[in-house]
Amino acid sequence: MTTDSTRPSSNPRLAEKALALGGFAIGTTEFVIMGLMQRIATDYGIAVQDVGLAISAYALGVVVGAPLISAIGARIPRRRLLIGLMVMFAASNLLTLLAPSFYGFVALRFFAGLPHGVYLGVAALVAANVAEPHERGRAVGRVLVGLTLAILAGAPLATWVGGLLGWKAAFVMVGALGLATALLVRLWVPVQPANDGASLRSELSAITKPRVLYTLAVACVGFAGMFSVFSYAMPTLTHQAGMPEALGPLVLATFGVGSVIGNLVGGRLADANQRLAIGGALVWAALCQLGFFLAADQIWSGMLFVGLVGTCGALVPPLQTRLMDVAGEAQTMAATLNHAAFNIANGLGAWLGGLAVTVGLGWSATGLVGMVMALGGLMIFLVALARERATQMPA
């Protein structure tokens, strides 16, 4: 085990910036494909909807990679693990330039998704460890803001690069960001000791802990509503409010601004009162998503509520810090499973929102779906707290 201090004299904000850059790269590669679907389909001679297979492959990589890599890498020093994850991420994106066929591209999307949850989870653990104890939530929020900035700036920039230089150039750009992250992590993130007591068994124990499972369930259900609204925000405002398609990027930017604000505010709330932060964020999410349902008949009111729905990202930092508190020895597994849970929420929310539209409830019914899911997450959280009180478990 290394004897290096986990809290060196170097500026922890530099470490946070390096870690946030990785989140920015991950968010960019996740969302940019949505703006390049037509170009990818044309290049490979397939239907646009078939490109969705590449999106699904990435999400599958996230869900598979989170438990697998965290179990295997639990004993690797965290800085070394982060660097390795970013090199793997960068290579998967850079190799897109050589993808010989659509299915080769799909395979690379799967491999690019593998480091996603582990990187973000371990980055949150590192940020919390190098921060002062009373600033853990804010440190986690500042790291995860890179992910939300990708929605606001990364994906639009990469889409523009892909349109100018060819769609594969967008993934080359993301790969370069991954390599830059690996370098900055090496330079700015302090060495953290390896957990010599970690094992596959101890890490897998995370999925047997009731408080971990309840927290992950809150993420899967409570966060799904945000994705229900976001996935269909542009067609909702186009079809229901008569918004010109040219305003589509503004919708994405509005959601991105809301997400950045939500992450930063959520970090502060987590430091003040973790339980109230989670409960309050879920109530806020239910209200914002109901507001979207009521406001989506008008362009500007609908767009305002898209931004407010973006602020529901305030749920992420308190959930992440709660997992750190309840995971015991299985810190890495629990932290990374949180991001797998958010990807499950993404798929669940998009599916339920699409189902509501398909059965004829109207485009803005995604807001009602979101409200129900947020309240469902709140109910799960209240049950979890009641169980803790009944068994006299410490918070």
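Contact here means heavy atoms within 4.5 Å. With that in hand, let's walk through this structure, which is a predicted model.

**His-339 and its neighbours**

Start with His-339, which sits in helix α16, the stretch covering residues 331-358. Leaving out residues up to four places away in sequence, His-339 touches Val-62, Gly-117, Leu-120, Gly-121, Leu-144 and Gln-320. Is His-339 buried or exposed? Its relative accessibility is 4%, so His-339 counts as buried, the cut-off for that class being under 20%.

**Leu-348, also on helix α16**

Helix α16 also holds Leu-348. This leucine counts as partly exposed because its relative accessibility is 28%, and that class runs between 20% and 50%. What does Leu-348 touch, not counting residues up to four places away in sequence? The partners are Cys-220, Ala-224 and Met-373. As for Met-371, it comes 23 residues away from Leu-348 along the chain, and the two C-alpha atoms are separated by 14 Å.

Here are the three residues with an accessibility value, side by side:

| Residue | Helix | Relative accessibility | Class |
|---|---|---|---|
| Leu-14 | α1 | 31% | partly exposed |
| His-339 | α16 | 4% | buried |
| Leu-348 | α16 | 28% | partly exposed |

**Two domains and what lies between them**

Zooming out, the domain assignment splits the protein chain into domain 1 (9-196) and domain 2 (198-394). Taken over C-alpha atoms, their centres are 21 Å apart. On the domain 1 side 38 residues take part in the contact, and on the domain 2 side 36 residues do.

How much area is buried between domain 1 and domain 2? The figure is about 2900 Å², with carbon and sulfur atoms giving 70% of it. There's some charge pairing too: 2 salt bridges are found across the interface of domain 1 and domain 2.

Elsewhere on the list of charged pairs, Arg-138 and Asp-271 form a salt bridge, and their closest N and O atoms are 2.8 Å apart.

**A greasy spot on the surface**

Finally, the outside. Leu-14, Leu-183, Leu-187 and Trp-188 make up a nonpolar surface patch, and together they have about 370 Å² of accessible area. Which helix gives the most to this patch? That's helix α7 (residues 167-188), with 3 residues. Leu-14, for its part, belongs to helix α1, which spans residues 12-32. At 31% relative accessibility, Leu-14 counts as partly exposed; patch members need over 30%.

Methods. Residues numbered from 1 in each chain as written. Predicted model: local features only at pLDDT ≥ 70, side-chain atom pairs only at ≥ 80, totals over all residues. Heavy atoms only, no water. Patch = residues over 30% accessible without salt bridge, like charges linked within 9 Å, V, L, I, M, F, W, Y side chains within 5 Å. Areas by Shrake-Rupley, 256 points an atom, 1.4 Å probe, with all protein chains shown as cover. Salt bridge = Lys/Arg side-chain N within 4 Å of Asp/Glu carboxyl O. Helix = DSSP H or I, 4+ residues; strand = E, 2+ residues; numbered from the N terminus. Buried < 20%, exposed > 50% of the residue type's maximum accessible area, 1.4 Å probe, protein only. Domains from an automatic or database assignment. Buried area = accessible area lost by both parts, 1.4 Å probe.
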